[in-house]
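Work through the exercises below with the model open beside you, trying each task before you read its solution.

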Amino acid sequence: MSTLEAVQEILIKEFSLNPVQLVPNAELTSLGIDSLDVLEFMFKVEDRFGLKIKEDIPTTLVTLNDVVVYIDELVLKQSRDAPSQASHVS
Amino acid sequence: MTLHRVAVTGLGVVAPLGNSIEELFSNLVAGHSGIRVLPSSVSEGLRSKIGAPADFDGQVHFQVPRLRMLDRVSQLALIGAARAIADARISFEDERGARCGVFVGCGMGGAGATDSGYHTLYAGRSDRVEPYTVLAAMTNAPASWIGIEYALSGPNLTYSTACSSSAVALGEAARRIRSGDIDVAVAGGAEAPLTFGVLRAWEAMRTLATQDPKNPSASCRPFARSRSGLVLGEGAAFVILETWEHAIARNATVHAELTGYGLATDMAHITRPTAEGQANAMRAALVSAGVHADSIDYINAHGTATLQNDAVETAAIKEVFGARAYRLPVSSTKSMHGHLLGAAGALEFVICVEALRRGTVPPTMHLDSPDVSCDLDYVSEGARTGILLRAVMSNSFAFGGTNAVLIAATAS
């Protein structure tokens with residue numbers, strides 16, 4: 001499963017969103033995801049990707065694709081820092 | 001200033017013993033108790049494992065992600081208010097939002113959200129506190145959600161005076177209707193205290209009833225010699241209040257008139273009630289209704305089944321009603337639906353309105369042997385039907401001392 005598919009799965013399950021809305025360039029705000037929802041969403045991302053998001057979430061995350069890129073970079077960084085702990089998307 | 005009569009045009013409940021006023025009242029008349037042993041997830045380790053839960057599953061009514069923002073108390077409030085609005089057959093699309101207000105009593109706010117947040121922090125040693133915790137836990141969340149749901153832009157107020165919270169909410173709403181500040185009020189109370197943390201805190205105060213080993217549902221015994229305390233319950237109860245003219249203009253069914261509201265405060269102690277404070281609240285309500293004590297035909301007592309309250313309330317009723325106190329039916333329906341704290345006043349007012357409409361007085365259950373200091377007519381033999389009730393009184397007294405009394409009269 002790709003990162004995008006995993007993100008889509010979270011949004012469908014946890015935010016009751018319609019799959020057809022979840023195209024890569026869809027903006028989070030247009031999906032009804034506000035700043036608090038982003039925090040909640042990131043908890044789910046942490047669980048799903050085995051990540052630990054310690055720093056503030058960048059305000060530049062506008063579209064789904066921005067989120068996907070952010071997650072991929074974080075997965076890569078954290079697998080480099082602690083290869084035994086990070087787990088990739090299955 | 002013209003004073004308006006206050007019409008009660010809608011009733012809605014989510015309560016132990018009923019998801020409609022008809023179901024609730026029928027169960028009360030039958031003497032059924034909604035008190036039961038709670039699941040071990042919330043009662044493990046408690047001395048008394050009992051409570052009065054509402055038959056309510058939030059997931060049936062709300063979807064994620066909204067569900068995550070709504071503590072159970074707000075879920076109960078939204079559905080209780082929706083039922084009152086449906087009963088009143090009022091559409092707020094036809095109303096000016098600024099002329100409509102929301103008045104909610106709530107004692108403990110989003111107790112579940114608070115409990116869960118602390119559990120995450122202290123037991124889970126995790127920093128992953130839900131981002132919605134503050135919004136879910138804040139005491140005014142139930143009122144706010146109702147205002148948002150129906151776009152009611154008039155006053156949106158939450159009253160937190162412990163066990164009298166929603167009696168105060170109804171009374172304060174009625175004052176604004178009476179003065180003509182607003183046309184319509186959605187007024188009520190909600191409480192969801194059946195979490196382990198809240199139950200344990202109440203248990204620590206030694207005010208909860210001892211669980212009856214043979215029949216847990218009979219553990220709450222107001223006015224009885226064997227009474228041992230209150231049983232916590234959850235739920236919501238709402239009414240729609242309107243100026244009489246507004247109700248008539250839209251051809252609404254008027255269930256009753258809210259005629260009286262009295263407040264008086266105990267100054268002695270944070271928990272210890274005084275007959276003087278309770279009696280003063282009853283007198284103030286009679287003055288507000290413009291009626292003599294003789295015109296009250298039923299009192300729904302605060303009747304918590306604590307040692308202190310029931311004896312003091314009995315003395316206060318005697319102080320106000322004199323010799324007539326002994327001929328006046330007084331019952332505590334808490335013996336069946338438990339103590340809904342911030343929702344108790346609204347729930348018991350709704351029960352009073354239904355008593356008026358049906359000419360039926362619900363009983364006090366599990367009162368086999370009265371305390372010597374409790375010597376009134378507590379309707380312990382079972383409900384009384386076919387009684388002409390002109391006006392009824394609902395007592396709500398509170399830790400902190402805010403005593404609130406409401407009077408409802410037959411619509412005529």
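**Exercise 1: Salt bridges in chain B**

Which exposure class does B:Arg384 belong to, and with what relative accessibility?

*Solution.* At a relative accessibility of 22%, B:Arg384 is partly exposed, the class between buried (under 20% relative accessible area) and exposed (over 50%), computed with a 1.4 Å probe on protein chains only. Its side chain meets that of B:Asp377 in a salt bridge with an N to O distance of 2.7 Å, the term requiring a side-chain nitrogen of Lys or Arg within 4 Å of a carboxyl oxygen of Asp or Glu. The model is a predicted one, in which local features need pLDDT of at least 70 and side-chain atom pairs count only at pLDDT 80 or more, while totals for chains, interfaces and linings use all residues. Residues are numbered from 1 along each chain as its sequence is written, chains are lettered from A and ligands numbered from 1 in the order in which they are written, and side-chain values use heavy atoms, with hydrogens and water left out.

A second pair in chain B is B:Lys318 with B:Asp375, whose side chains form a salt bridge at 2.8 Å, N to O. B:Lys318 belongs to helix 13 (residues 307-321) and B:Asp375 to the loop between helix 15 and strand 11 (391-396) of chain B, so this pair ties together parts 57 residues apart in sequence. Here helices (H or I, at least four residues) and strands (E, at least two) are DSSP runs numbered from the N terminus. Both partners are partly exposed, B:Lys318 at 23% and B:Asp375 at 33%.

**Exercise 2: The contact between the chains**

How many residues does each chain give to the contact, and how many salt bridges lie between chain A and chain B?

*Solution.* Begin with the counts: 12 residues come from chain A and 11 residues from chain B, contact meaning heavy atoms within 4.5 Å. Next, take the area: the two chains bury about 1,100 Å² between them, 48% of it on carbon and sulfur atoms, where buried area is the accessible area (1.4 Å probe) lost on putting two parts together, summed over both. On the side of chain A, A:Leu36, A:Glu40 and A:Phe43 lose the most area to chain B, together 47% of what that side buries.

Then turn to charge: five salt bridges lie between the chains, among them A:Glu40 with B:Arg68, whose closest N and O atoms are 3.7 Å apart. Helix 1 (3-15) and helix 2 (35-49) of chain A are the elements that give two or more residues to the side touching chain B, and helix 2 supplies the largest share, seven residues.

**Exercise 3: A:Glu40 and its partners**

Is A:Glu40 buried or exposed?

*Solution.* A:Glu40 is buried, with a relative accessible area of 1%, whereas A:Lys44 is partly exposed at 23%. Their side chains meet in a salt bridge of 3.6 Å, N to O, and both residues lie in helix 2 of chain A, four residues apart, about one turn of the helix.

**Exercise 4: One face of a helix**

Which residues of helix 10 (residues 196-204) of chain B are buried?

*Solution.* They are B:Val198, B:Leu199, B:Trp202 and B:Glu203. Seen down the helix axis, these buried residues fall within an arc of 135°, so they line one face of helix 10 of chain B; the arc is taken over the directions from the helix axis to the C-beta atoms. As the last step, find their packing partners, which are helix 2 (40-43), strand 3 (50-51) and helix 6 (111-123) of chain B.
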